[in-house]
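Student: I am new to this structure. Would you please take a close look at a single part of it and explain that part in one connected account?

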Protein chains: 2
Amino acid sequence: MSAAETFAKLRAHARETALVASIGGLVEWDEQTYLPPSGGDWRAEQQAYLAGVVHARSTAPALGEWLAELRDSDEARDPESDIGCVTRELSRRYERETKLPGDLVEEIARTSSKAHHAWTTARRSDDFAIFRPWLEQMLALQRRKAEAFGYEASPYDALIEDYEPGETAESVGSVLTGLRAELAPLVQAIVGSGVAAPSEVLRESFDVETQAIFGKAAAQAIGFDFASGRLDVTAHPFCGGAGPNDVRMTTRYNEHDFADAFFSTLHETGHGLYEQGLPGEWFGLPPGEAISLGIHESQSRMWENLVGRGRGFWRHFFGPLGEAFPVAMKGVDPESWYFAINEAKPSLIRTESDEATYNLHVIVRFELERAMIEGDLLPSDLPAAWNEKYASIVGITPPSDANGCLQDVHWSAGLFGYFPTYSLGNLYSAQFFDQAEADLGDLEAMFAAGEFDPLLGWLRKNIHQVGQRLSASQLVERVTGKPLSHEPLMRRLKAKFGELYGFG
Amino acid sequence: MSAAETFAKLRAHARETALVASIGGLVEWDEQTYLPPSGGDWRAEQQAYLAGVVHARSTAPALGEWLAELRDSDEARDPESDIGCVTRELSRRYERETKLPGDLVEEIARTSSKAHHAWTTARRSDDFAIFRPWLEQMLALQRRKAEAFGYEASPYDALIEDYEPGETAESVGSVLTGLRAELAPLVQAIVGSGVAAPSEVLRESFDVETQAIFGKAAAQAIGFDFASGRLDVTAHPFCGGAGPNDVRMTTRYNEHDFADAFFSTLHETGHGLYEQGLPGEWFGLPPGEAISLGIHESQSRMWENLVGRGRGFWRHFFGPLGEAFPVAMKGVDPESWYFAINEAKPSLIRTESDEATYNLHVIVRFELERAMIEGDLLPSDLPAAWNEKYASIVGITPPSDANGCLQDVHWSAGLFGYFPTYSLGNLYSAQFFDQAEADLGDLEAMFAAGEFDPLLGWLRKNIHQVGQRLSASQLVERVTGKPLSHEPLMRRLKAKFGELYGFG
């Protein structure tokens, strides 16, 4: 068979796998949005069935043979070509999936389920001892997983590969250490300024239905195509999907917390715009898939923070905001509004933290999970180590483990190596945004005029349309001409918060 | 292998098939409710994939071998036992599915799609000639299908088997002829009475959100469990589902047509109660499945008409109705309301017709489709035959084919043998309702007191819990002690409309 013929077979096979996976996407979305309460048990069986089909198809021996054939072909030599990209990425995944012994996969699934239950109880009763044995088991399993995959420097490298392919403990550690060194002092300066943001306005009464209309209008204004997607309500906002023209975002509304719904809508819209910008004809195959969690997060954070918390954006939306919420917004001027939505102060909970402090929360987790995976920190020592790092990095001491090392679900689910992608997203986004501004001119002026198309067009061309033809670090180099650095983000944060809090 | 071992394998296989089919149920529901407009093409592929898996599993040779083994076993001898019921029903379906040549199935699917398109155009432009060649092709295909299945008396028998297993052109024809003979004169008497129902109130303004709350409360009051189901909005109301505790009903709201939404909600709730009453542990297998379309329709029609259009029901709901819609209901007394929702008059369109005339519409279709399938009526003669029958049976002459023989989608979709199930449902429902009253006492008095549990409990025990252990005609005999007859329905219609329109 010629490489082209083999590739045609491979592509058809992978497309059908993507079709099944997309059905799983719908089933998952429905579980979060509309599933009746008693439907949960059957739903779990539907999900297990679909996951089983996807796994069987992704590890099919025929697939392995086609990939081996293509790897040897001339046609696959250009890593950015269709065949080159598909062969490289599917080979990487095939190898990883087939390296994991079935009993290990099952044991992780079983342990996750029990660990999740223990974590829920431990957090509710603020009792780390309940979670500790499960954390120990989960760590042991994750280390076995890393051994199965293989690695050079650190077992953490083998784990992060699932979320940010190509990155390592060392590469991520080096950029986050640089960020930490400058960000912690910035947050101290904010605290030291003694200035308080006029954020009371955000707790006024904002009618929930009007919030939904306003948020949807903003999502549409920045480019989300509602003919190819939806925005629904869930307890935990997310962006999923059920097909190439079917992107499903969710948010949640709270009458007395305008910022929560609005910025989570912009955040998910950023994810949604990436999904809608991927090449549809390659849906579910590497040239049509997002590069990594970090690159995905760079899109959500860009629209949420760099666009949505900027002055230009609100020069356009402040008038409509006042018309939509005349009572809540009465007497509020644009500058106080801008300060209110950019309030920064150290807090206990990552998911509620602001643009300035957020990355410090992530850095704590990265350093601790890396130490645990590398054997330098025992689970029994986690609460003390957590509290110490919060004091030294974030500047506050958690009053309880429930609001400390037990606050996140990730470790109970076996997600080690996932946290740093949140910060990588912030770093990528600032570096991309600088470049977009260099290429396009004054973005803030465009946003003030309601023009979001130039930025979206730039993202489509430079990032969305690339699919997985480049790795995350290759993309950063290709688009910005430089390797990833903490400097673009720090420059922005220093300028923004220095001005607001009157220092620097 | 013992019969028990074979049965265990068969049951596990069939259960997984039901699991896949239930995913298809969700995908179909989502298509009707929330699918973004551009998601249609991919959705069609998802549906085709799932249908393919279900078909492959339902015709798997291993399944045929297990069934053959079980048919020879002692354990399958009792037709109402688990093994007996499953073996009989799955054998029947397996035989039918494997008798149909693959190319015929494909040709019907292809032709349906084109015929549907032609039908849409023909109806829009009121031009039967556009649809005629497709109707001819579809008829030829349906006759080939009947030949493939085999039949004794009429090819129509082989087709109705898909919708009302065990019934024949002769059995259905005989009961519908009896019905026609008494119903047509009743409708003539209504017309001849010169009395008009005070139905203007139904066109008043009924706030749509309040309608939704009121309709949902009524569905809940008669027993629908919203922890195991939903009610959403679609253009065409239906009741589907995605699992044993996941029944999905829909309706539609029109501010100036209270009856449309409310009675379609009761109708779908009747279907939903049947689904929720089936034995969940047998979900998707014969002991946990509805007997036939006619029995399903008997449940929807009972709650819609025999309960929901009765005086007792409104003795309970009239007060809340007035509170929900004080302006629209101002000055309306219970008796005019009862007459308004029971207005009867001959009309052109089946789906908009009332309790008295509805079955006449169905009888026209049944007689015409039977004649076409049996070769006694040519498609080219359909418009004339349709108009003649409407004049003689319903008492009006259609002014156009668009509002005449082109009004229904069924024939373009190849659904021959489906129409009579609508009328069978009405006949079953009246005969069951008489028996329930004989067993339980004064049902109207119970409804007036808001007590719907006794009737629902009776339906659960006598009908829902039976699953497919009995055929429709066996069920009627078992529950009512008599074969199906048009008399119970006619007695009710004569009494109700005779009183309202002042005759008889």
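Tutor: Leaving aside residues up to four places away in sequence, Glu268(A) touches Pro237(A), Phe238(A), Cys239(A), Met249(A) and Thr250(A); contact here means heavy atoms within 4.5 Å. The model is predicted, so that local features need pLDDT of at least 70 and side-chain atom pairs pLDDT 80 or more, while totals for chains, interfaces and linings use all residues. Residues are numbered from 1 along each chain as its sequence is written, chains are lettered from A and ligands numbered from 1 in the order in which they are written, and side-chain values use heavy atoms, without hydrogens or water.

Glu268(A) belongs to helix α10 of chain A, residues 258-277. Helices are DSSP runs (H or I, at least four residues), numbered from the N terminus. With a relative accessible area of 7%, Glu268(A) is buried, a term that means under 20% relative accessible area, computed with a 1.4 Å probe on protein chains only. An unreviewed UniProt entry annotates Glu268(A) as "active site"; UniProt positions are given in the numbering used here, feature names are shortened, and annotations may be inferred rather than shown by experiment.

As to the second copy, a turn of 180 degrees with a shift of 0.0 Å along the axis lays chain B on chain A with an RMSD of 0.0 Å. The two copies are therefore related as by a two-fold rotation axis. The superposition is by least squares on the C-alpha atoms of residues with pLDDT of at least 70 in both. The same surface serves both copies, since 100% of the contact residues of chain B recur in chain A.

Terms used:
Helices (H or I, at least four residues) and strands (E, at least two) are DSSP runs, numbered from the N terminus. Buried means under 20% relative accessible area, exposed over 50%, partly exposed in between (1.4 Å probe, protein chains only).
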